[in-house]
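Colleague: Please take a close look at the strands and how they are joined to one another. I would like one connected account that I can follow with the structure open, including what the side chains along the way are doing.

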Amino acid sequence: MEIPVRNPRTGQMDHRVAVTDTATLMDIAARLRLAQKGWRALGLAGRVAALHRLADALGQNHDDLAAALAVDTGRARIARMEVDGVRGSIAGWCAAVPGQLPEAWIPGRSNPAIRHAPHWVPYDLVGVISPWNFPLAIFTGQVAAALVAGNPVLAKPAEETPLIAHEAVTILHEAGIPRAALQFVPGDGRVGAVLVGA
């Protein structure tokens, strides 16, 4: 099944999005859960390094991303600004998460003499449903936050902005984010409802 996509500049239905069926989505979710240990095993430093490579790849593909974003949203100038901001967002998550996920022994709050070592366990799977209004910035921000924390991600981008999601996921995979850690499923709200239950 496919759904039409309206071009915001022309008003024409000039693109179509394949809708992921329930069986396919559930199969992808099961495979991501099985592969979670491999992504987690990279450790925080390995995942941060992978996301830095991703940010570099997004910068190298700036023009292609901005072009796809401009077609999806009808906003050429803002599209370029959105692509610029994405690298900063990823860098921000990479800088913030190590402080949020300490791995060493730390003193207790009520009694500093009693120390504890946290044990952080990622989720088996994180579902991301991103909106249409800033489809690259919000999509990559949600995905980067989940990935750096060690979670595999199954993402459903907005059906109104399908080109940028496909372009971004392709770049993510080419930059070294494995398919075993990130997949996306195109479709409308029905696909989102299945994803929430997956």
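Modeller: Two strands count as paired if DSSP finds at least two bridges between them. The model is predicted.

Start with the hairpin. Strand S1 covers residues 2-6, and strand S2 covers residues 13-18. The two run antiparallel and are joined by 5 bridges. One pair to look for is arginine 6, which stands opposite methionine 13 in S2. Between the strands of this hairpin there are 6 residues, and glycine 11 has a positive phi near 80 degrees. The two faces of S1 are not alike: Ile3 and Val5 form the covered face, while Glu2, Pro4 and Arg6 form the uncovered one.

Next, go to strand S6, residues 153-156. Here Val153 and Ala155 point one way, Leu154 and Lys156 point the other way, and all of these residues are buried. S6 has parallel partners in S5 and S7. With S5, residues 126-129, S6 shares 4 bridges, and the pair runs parallel. Valine 128 is the residue opposite alanine 155 in S6. To get from S5 to S6 the chain passes through helix H5, residues 137-148, in a right-handed β-α-β crossover.

Strand S7, residues 182-184, also runs parallel to S6, with 3 bridges between them. Valine 153 has leucine 182 of S7 as its bridge partner. A right-handed β-α-β unit is again formed, this time by S6, helix H6 (residues 162-174) and S7.

The stretch between S5 and H5 deserves a stop of its own. The loop there contains phenylalanine 134. With a relative accessible area of 35%, phenylalanine 134 is classed as partly exposed, because that class lies between 20% and 50%. Together with Ile78 and Met81, Phe134 makes a nonpolar surface patch of about 260 Å².

One helix residue is worth adding for contrast. Glutamine 36 sits in helix H1, residues 22-41. Its relative accessibility is 5%, so glutamine 36 counts as buried, the cut-off being under 20%. Its side chain reaches the backbone oxygen of tyrosine 123 at 3.5 Å.

To recap, S1 and S2 run antiparallel, whereas S6 runs parallel to S5 and S7 runs parallel to S6.

Conventions:
Residues are numbered from 1 along each chain as its sequence is written. This is a predicted model: local features need pLDDT of at least 70, side-chain atom pairs count only at pLDDT 80 or more; totals for chains, interfaces and linings use all residues. Side-chain values use heavy atoms; hydrogens and water are left out. Buried means under 20% relative accessible area, exposed over 50%, partly exposed in between (1.4 Å probe, protein chains only). A crossover is right-handed if, with the strands pointing away from the viewer, the path from the first strand over the helix to the second runs clockwise. Patches are made of residues with over 30% relative accessible area and no salt bridge: like charges are joined within 9 Å, nonpolar side chains (Val, Leu, Ile, Met, Phe, Trp, Tyr) within 5 Å. Accessible areas come from the Shrake-Rupley method with a 1.4 Å probe; for residues, only the protein chains shown count as cover. A salt bridge is a side-chain nitrogen of Lys or Arg within 4 Å of a carboxyl oxygen of Asp or Glu. A polar contact is a pair of N or O atoms within 3.5 Å; within protein, one must be able to donate a hydrogen and the other to accept it, and residues adjacent in sequence count only if both atoms are side-chain atoms.
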